[in-house]
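Trainee: Could you take me through one part of this model up close, and then show me how the rest of the packing looks from there? I would like to know which pieces touch which.

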Amino acid sequence: MLWADRIANEIRDTRTPRDGKTFLIRDEKTISGRVHVGSMRGVAIHGLVAEVLAEQGVANEFRFEIGDFDPFDSIPGYLDAEKFREHLGKPLYAVPSPEQGFANYAEYFGAEFTEVHKKSGFVPNYYRATELYRSGKMDPFIKTALERASDIRRILKEVSGSEKDTSWLPVSVVCENCGKMMTTRAYDFDGETVAYACDRNPDEAKSCGHTGRVAPWKGAAKLFWKIDWAAKWVALGVDIEGGGKDHSTRGGSRDVANHISREVFGYEPPFDIPYEFFLVGGKKMSSSKGRGSSAKDMCDLFPPEIFRLILIGKDIREQIDIDPSGESVPRVYDWYDELAESVRAGEADDHSRLYALSELPKNQAALSAPWQMRFREVAFIVQMAHLSLKEEAARVKGSALIEDEERALDVRARYAKFWLTTYAPEEFKYELQEEMPSAVLSDTQKKALAMLAEYLQNGERTGEELHVRLHEMKTGVPIQPKELFQAIYRIFLNRDSGPKAGWFLAGLPRDFVIARLKEAAA
Ligand SMILES: [Zn+2]
């Protein structure tokens, strides 16, 4: 059984919606810059659970918070540090957008992120953290948290070992003078206002020295993260909310939030779905900031159904690892094709279930699984100007392509070309050499190439025939297949490896092949 079906069953067996009608599923992301693809795993997990519950007739709503009310705590490398330095420590909503047309920093990067949700078929209802705070909806919970600050300090110490001094309060005030929130320290709550001083200088954020008292309501202050997390569960009535493995350890942020939820707010925490990391080229979110690691970059690299498969295909307890510049790209297409085969075979198994869920929701009702040429073959053929992709595909399939298959082939070709011009490693790049490249060949290799030229001169040969002939030369010449293939790749592609040689040669103009073989053998 797929993880999403298993989790949906668990939810139905153990929970009823708090409002008696609709399960509320929630996820969030602080928009501190371009969003890493790892954050798409949460979106996909919550999104798919919502889809599966809906499929079972269980009413639910998936809400996603655009985190725009957290401090801007570091300047991403792709931005002009000079321009953004003065904004360090301000709430994200108060930091300017890097480009015109967006209300602020969080809106700009948030729009890029939600565009990826849309393309991959996950469409939660969005709200901003600022809306929640400014509306006053968080105020009762801010009040409770301030009144019970000593309990919160105790929980932090007991659960996570974090010690706060006795004046510490669980809110971060936005300085009325300089507008920063990372530089302030709140103390002394009198029931209506908190005293604060703008005198902390974490990292590069500069405090202004202002001191005063402020009523911490309606967005004037924000609860610190773990307290904020628990308070939002209560404020919104969250039933289901998972989190990444990094938050889910004993004594970790989820553990702390659970304790605060129960002990301070008297609220049973939502159903948890702890999930593993999404690695990019073996690296975790914190360390993979390179090209191809953002949600947008990764999403651009694949058609929606393949991107969805990457996001939902592994059990939540398993890591996902995709390297845009590696073998994992063609491999994920192979994985998808394998699932499609189960569908075409009419099997009702985990493969066909996963295939169906990988399709965009709007396409799931009329599910089709057209035959497709392997991605690595498509990626090779699109680089060979003399080859017709459609004809080659028909040859591999063994019959003409039907309309669905042609459409799928076009899409695959488009993504293959994009990959080849962006991330693909050298070993996937081929250039047919118009002129004979300089190559040092052994006498054995030359002899084999001469025999091959003669074989071709004696008649039209199919890829299969050439394939058999090449392998016969192992005893005929004799020559090791590896040595022979290397010579062929060297003289046609100027490299040491390549596609299946028999079919490759059969696809090239025969006269060209014969002339090149003779030239090399001379
Ligand atoms: Zn200040």
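**A covered helix and its surroundings**

Mentor: Happy to! Helix H7 (149–160) and helix H8 (225–236) are among the elements that cover the buried residues of H9. Please keep in mind that this is a predicted model. H9 itself spans residues 253–263 and is mostly covered, with eight of its eleven residues buried. You can pick the buried ones out in your viewer: Ser253, Arg254, Asp255, Val256, Ala257, Asn258, Ile260 and Ser261.

Now let's move to the helices at the start of the chain. Which helix gives the most residues to the largest nonpolar core? Start with the core as a whole: it holds 121 residues, and Met40, Phe302 and Phe492 touch the most other members. The helix that gives the most to this core is H2, with nine residues. There is also a second, separate core of 47 residues, and Phe141, Ala231, Trp233 and Phe265 are included in it.

H2 is therefore a good place to look at how helices pack, since it gives the most residues to the core. Take H1 (residues 3–14) as its partner: the axes of H1 and H2 come within 9 Å and cross at roughly 65°. Because of that angle, H1 counts as roughly perpendicular to H2. This crossing of H1 and H2 is right-handed. From H1, the residues Trp3, Ala4, Asp5, Ile7, Ala8, Ile11 and Arg12 meet Ile45, Leu48, Val49, Val52 and Leu53 of H2. Sorted by class, the contact of H1 with H2 has ten nonpolar, no polar and two charged residues.

H2 (residues 38–55) has another partner in H4 (residues 105–119); their axes come within 11 Å and cross at roughly 50°. That angle is why H2 is described as oblique to H4. H2 passes H4 in a right-handed crossing. Here Ser39, Met40 and Val43 of H2 meet Phe113, Val116 and His117 of H4. Four of the residues in this contact of H2 with H4 are nonpolar and two are polar, with no charged ones.

Met40 ties these views together, as one of the residues that touch the most other core members and a part of the contact with H4. Setting aside neighbours within four places in sequence, Met40 is in contact with Phe113, Val116, His117, Ser120, Phe122, Ala295, Phe307 and Leu311.

To finish, compare two residues further along. Is Tyr430 buried or exposed? Its relative accessibility is 14%, so Tyr430 counts as buried. Tyr430 sits in the loop between helix H16 (403–422) and helix H17 (443–457). Leaving out residues up to four places away in sequence, Tyr430 touches Phe380, Gln383, Met384, Leu493, Arg495, Ser497, Gly498 and Pro499. The C-alpha atoms of Tyr430 and Asn494 are separated by 8.7 Å, with their positions 64 residues apart along the chain.

Glu403, a residue of helix H16, gives the opposite case: at 62% relative accessibility, Glu403 counts as exposed. Its C-alpha atom and that of Pro370, 33 residues apart along the chain, are separated by 9.2 Å.

Definitions and conventions: Residues are numbered from 1 along each chain as its sequence is written. This is a predicted model: local features need pLDDT of at least 70, side-chain atom pairs count only at pLDDT 80 or more; totals for chains, interfaces and linings use all residues. Side-chain values use heavy atoms; hydrogens and water are left out. Axes are lines fitted to C-alpha atoms, for helices over the stretch in contact, and angles run from 0 to 180 degrees between N-to-C directions. Helices (H or I, at least four residues) and strands (E, at least two) are DSSP runs, numbered from the N terminus. Angles under 35 degrees count as roughly parallel, over 145 as roughly antiparallel, 65 to 115 as roughly perpendicular and the rest as oblique. A crossing is left-handed if the near helix is turned anticlockwise from the far one by less than a right angle, and right-handed if clockwise. Contact means heavy atoms within 4.5 Å. Ala, Val, Leu, Ile, Met, Phe, Trp, Tyr, Cys and Pro count as nonpolar, Asp, Glu, Lys and Arg as charged, and the others, Gly among them, as polar. A nonpolar core is a set of buried Ala, Val, Leu, Ile, Met, Phe, Trp, Tyr and Cys residues joined through side-chain atoms within 4.5 Å. Buried means under 20% relative accessible area, exposed over 50%, partly exposed in between (1.4 Å probe, protein chains only).
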